[in-house]
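Please take a moment to look over the chain as a whole before reading on. The paragraphs below lead through its sheet, its core, its main pocket and one loop residue.

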Amino acid sequence: MPVVGPIHVDRPLTNISIAYKSEGLVADQVFASVPVSKESDTYFVWDKANALRSPQTLRANGAEANEDNLVLSTATYRIEEHALKDLITTRDRENQDPGVNLEIATTEDLTEKILREREVDAATLLFTNGNWANESSLAAASAFSANTVTTNPLLVVNSAAATVVQQIGKPMNTGILDFRTYLACKEHVSILDRTKHTSADSITEDMLGNLFDVEKLYIAKATRNTAAEGAAATMAYIFTDSGWFGYVERNPGLRKVSALYCMKKNGGVQVKRWHDDARNGDWVEASHFYDQIVPASDAGYLIVDPVQ
């Protein structure tokens with residue numbers, strides 16, 4: 001006979017739960033990391049105009065060699081600390097159900113929020129007009145989203161490549177597209193025409209990077225909630241409606257040019273924990289010391305409004 005009364009009481013599952021995380025964070029990959037021990041300092045800058053000029057080298061018989069000189073200046077960086085903390089009370093720790101794991105969840109949440117804020121800083125630095133010596137703003141008729149043969153993304157990026165080489169003598173090796181611009185590029189008639197005889201697959205990030213002739217093309221997909229705390233979420237992309245290409249030195253050192261560096265103290269995000277007797281719980285704190293800088297604005301090229 002059928003059982004009378006409840007035979008199962010709902011309990012939280014221990015193998016799944018729902019959480020939202022930012023995917024497609026690119027700042028830590030795009031910026032070359034430079035470890036430093038001080039929160040502020042200077043670095044040397046060799047004068048570009050002096051280094052790349054062609055002086056008169058012809059020497060007449062019996063004459064002295066023409067004199068040349070080095071021109072040197074300094075620039076500065078200033079690291080700031082970005083930190084968040086949260087309290088796990090002893091009561092919460094003891095009352096949590098399997099599958100919650102407050103220690104891991106809290107650590108991951110704090111770390112991701114700090115890295116998301118760094119992503120916002122990077123997007124502002126990379127995609128803001130005026131931060132770069134080389135820029136191009138596309139009119140509506142020239143936008144990649146117009147998807148015509150006269151709006152070929154390859155020609156625009158080729159122009160950027162020629163400009164970067166002309167300005168610094170090195171080919172660009174890094175590119176960044178926001179997600180909407182990437183979607184416009186991968187479905188563009190000019191891109192599809194270039195690949196129709198070599199691949200039947202959809203255009204991938206690596207394929208597009210090869211067409212743009214950069215070592216690595218990054219697609220910035222991360223989003224964030226722009227609403228006030230407590231309000232319904234208003235989601236927006238962090239990187240929006242631009243593309244950036246340039247040369248980033250992957251092995252930072254003396255007498256090297258680079259569009260981007262991230263000065264880091266203490267490495268990446270550091271996490272510490274301590275007990276608070278007054279609150280009867282454990283604090284979890286995440287912190288990150290960094291300064292994202294543009295050492296050479298002429299080593300980058302910004303493409304504004306490719307999607308309209």
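Two strands are said to pair if DSSP finds at least two bridges between them. With that in mind, the sheet can be traced in this model, which is a predicted one: four strands form an open sheet in the order β1-β11-β12-β4, and their pairing is mixed. At the edges stand β1, covering 32–36, and β4, covering 80–89, and each has a single partner strand, so one side of each is left without a neighbour in the sheet. On average, neighbouring strands here are turned by 30° against each other, direction ignored.

The partnership between β4 and β12, the latter made of residues 281–293, is antiparallel and runs over 10 bridges; within this region, alanine 83 stands opposite serine 287 in β12. Helix α4, residues 102–126, packs on the sheet, where it touches β4, β11 (261–276) and β12, and its direction makes about 20° with that of β12.

What fills the interior? In soluble globular proteins, nonpolar side chains tend to be buried together. Here the largest nonpolar core has 63 residues, and those with the most contacts inside it are Phe212 and Phe239. Helix α5, residues 153–168, gives the largest share of this core, namely six residues. A second, separate core has five residues, among them Ile88, Leu110, Val284 and Ala286. Returning to phenylalanine 239, and leaving aside its neighbours within four places in sequence, its contacts include Val26, Glu119, Ala122, Ala123, Leu126 and Phe127, as well as Ile176, Asp178 and Ala220.

Empty space deserves the same care. The largest pocket holds about 1000 Å³ of space, and of the 33 residues that line this pocket, the closest to its centre are Phe44, Trp46, Arg255, Lys256 and Val257. The elements that give two or more residues to the lining are β2 (40–46), α2 (48–52), α5 and β11, and the largest share, six residues, comes from β2.

Finally, consider one residue outside the helices and strands: is threonine 148 buried, partly exposed or exposed? This residue lies in the loop between β5 (134–137) and α5. Its relative accessible area is 32%, and because buried means under 20% and exposed means over 50%, threonine 148 counts as partly exposed. Leaving aside neighbours within four places in sequence, threonine 148 is in contact with His188, Val189 and Ser190. From alanine 123, threonine 148 is 25 residues away in sequence and 28 Å away in space, C-alpha to C-alpha.

Notes
Residues numbered from 1 in each chain as written. Predicted model: local features only at pLDDT ≥ 70, side-chain atom pairs only at ≥ 80, totals over all residues. Heavy atoms only, no water. Core = buried A, V, L, I, M, F, W, Y, C linked by side-chain atoms within 4.5 Å. Buried < 20%, exposed > 50% of the residue type's maximum accessible area, 1.4 Å probe, protein only. Contact = heavy atoms within 4.5 Å. Axes fitted to C-alpha atoms, helices over the stretch in contact; angles between N-to-C directions. 1 Å grid on protein atoms, 1.4 Å probe; cavity = no way out; pocket = protein on both sides within 12 Å on 5 of 7 lines; lining within 4 Å. Points joined across faces, edges and corners; volume = space filled by probe spheres on them.
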